[in-house]
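Please open the model in your viewer and keep the selection tool at hand. The tour proceeds from a surface patch to a series of charged pairs.

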Amino acid sequence: MPGPADGLWSIGELAERAGVTVKTVRFYSDRGLLPETARSAGGHRRYGSGALDRLRLIRSLRTLDLPLPEVRRVLEDEEAGDGGAGTVLEDAVAARLGGLGRQLAALRWQEAGLRLVRDCPPRERADRLRLIAAVAAPPSTDAPARFWRAWLPPRMPARAVSAFLEHAVPQPPADPAPAQVLAFARLHALVTGPCPAARPCQPAVHGADARSRAAVLYAGLAEAYGLAADPLRSGRAPHAGAALDCFAAAYAAAYGTGDGTAFRRRLRDRLAADPRFDRYWELVAEVAGPRDGRPAVTPGTAHDWLLAALDADVERAA
């Protein structure tokens, strides 16, 4: 179809050339995205020669599901032509990709959750539905982060808290298996539940005498856990060495004393009485999934390995 003789399109001609309906052209025109150039003697809309390309661009942007405000900003950026043209489109596409990524992640979690319910025994379905319904899809890490912030020593430096949370709070898998969805839901239920009244919820090292040394303690523990990771992965039995020395030194610094046989004996007895989060770390390992056929190494498994190494070291020195 050739262009109009006078260089102006009627609304019907423009719609036909662009392959859309007149209603669509009117919609974009009424919202200022496709301004008319003039009106005919009968009051009908007339559009200039650039309207066809503009309409096609609008349709392309809408095909990507960009919202109208973003389409408007892209058009304004294209019109400006000041050397920065296209940056708004790049930002809009990036934002849309981010939104789609979140939607896809939610769908993957919902799919895994549905398979989890479908494949479980009928007597377990109500419980699993309750667990899954309490967690958003994709899930947030806010609940476990709040749990640890309440548990860590008061006035612990923000940088030290952030470093600890990075290791302690598991990130939800992007493409979870049903078992990982169940583990994260159980983890959420665990951290949002009340602290059992039958035992203390704070370890002794969080007492007033150690608060000022909390950052030193947790930095040392992080280093000790890292040193324990290799023997854990290789299946070596707990033993004395650099990891245990770092572990004991971290607690000694927190208590303002020196390391030694007597201190390690007292430390073993004190840690044995501290609250434990074994179930938390079991679920963290399930959320992470196995690596190279072995369970994931978590701060909890490293801590248990080091406690066993400490016990063996104390018994050997007795």
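Is Leu100 buried, partly exposed or exposed? Leu100 is partly exposed, with a relative accessible area of 33%; buried means under 20%, exposed over 50%, and partly exposed in between (1.4 Å probe, protein chains only). This is a predicted model, in which local features need pLDDT of at least 70, side-chain atom pairs count only at pLDDT 80 or more, and totals for chains, interfaces and linings use all residues. Residues are numbered from 1 along each chain as its sequence is written, and side-chain values use heavy atoms, with hydrogens and water left out.

Leu100 sits in helix H5 (residues 87-119); helices (H or I, at least four residues) and strands (E, at least two) are DSSP runs numbered from the N terminus. Add Leu64, Val93 and Leu97 to the selection: with Leu100 they make a nonpolar surface patch of about 330 Å². Such patches join nonpolar side chains (Val, Leu, Ile, Met, Phe, Trp, Tyr) within 5 Å, and like charges within 9 Å, from residues with over 30% relative accessible area and no salt bridge. Areas come from the Shrake-Rupley method with a 1.4 Å probe; for residues, only the protein chains shown count as cover.

Next, select Asp30 and Arg45, whose side chains form a salt bridge (3.0 Å, N to O), defined as a side-chain nitrogen of Lys or Arg within 4 Å of a carboxyl oxygen of Asp or Glu. Asp30 belongs to helix H2 (residues 22-30) and Arg45 to strand E3 (residues 45-47), 15 residues apart. Arg45 is buried, at 16% relative accessible area.

Finally, select Arg264 and Asp259, a salt bridge with closest N and O atoms 2.9 Å apart. Arg264 is buried (9%), whereas Asp259 is partly exposed (38%). Both belong to a salt-bridge network with Asp245, Asp313 and Arg316.
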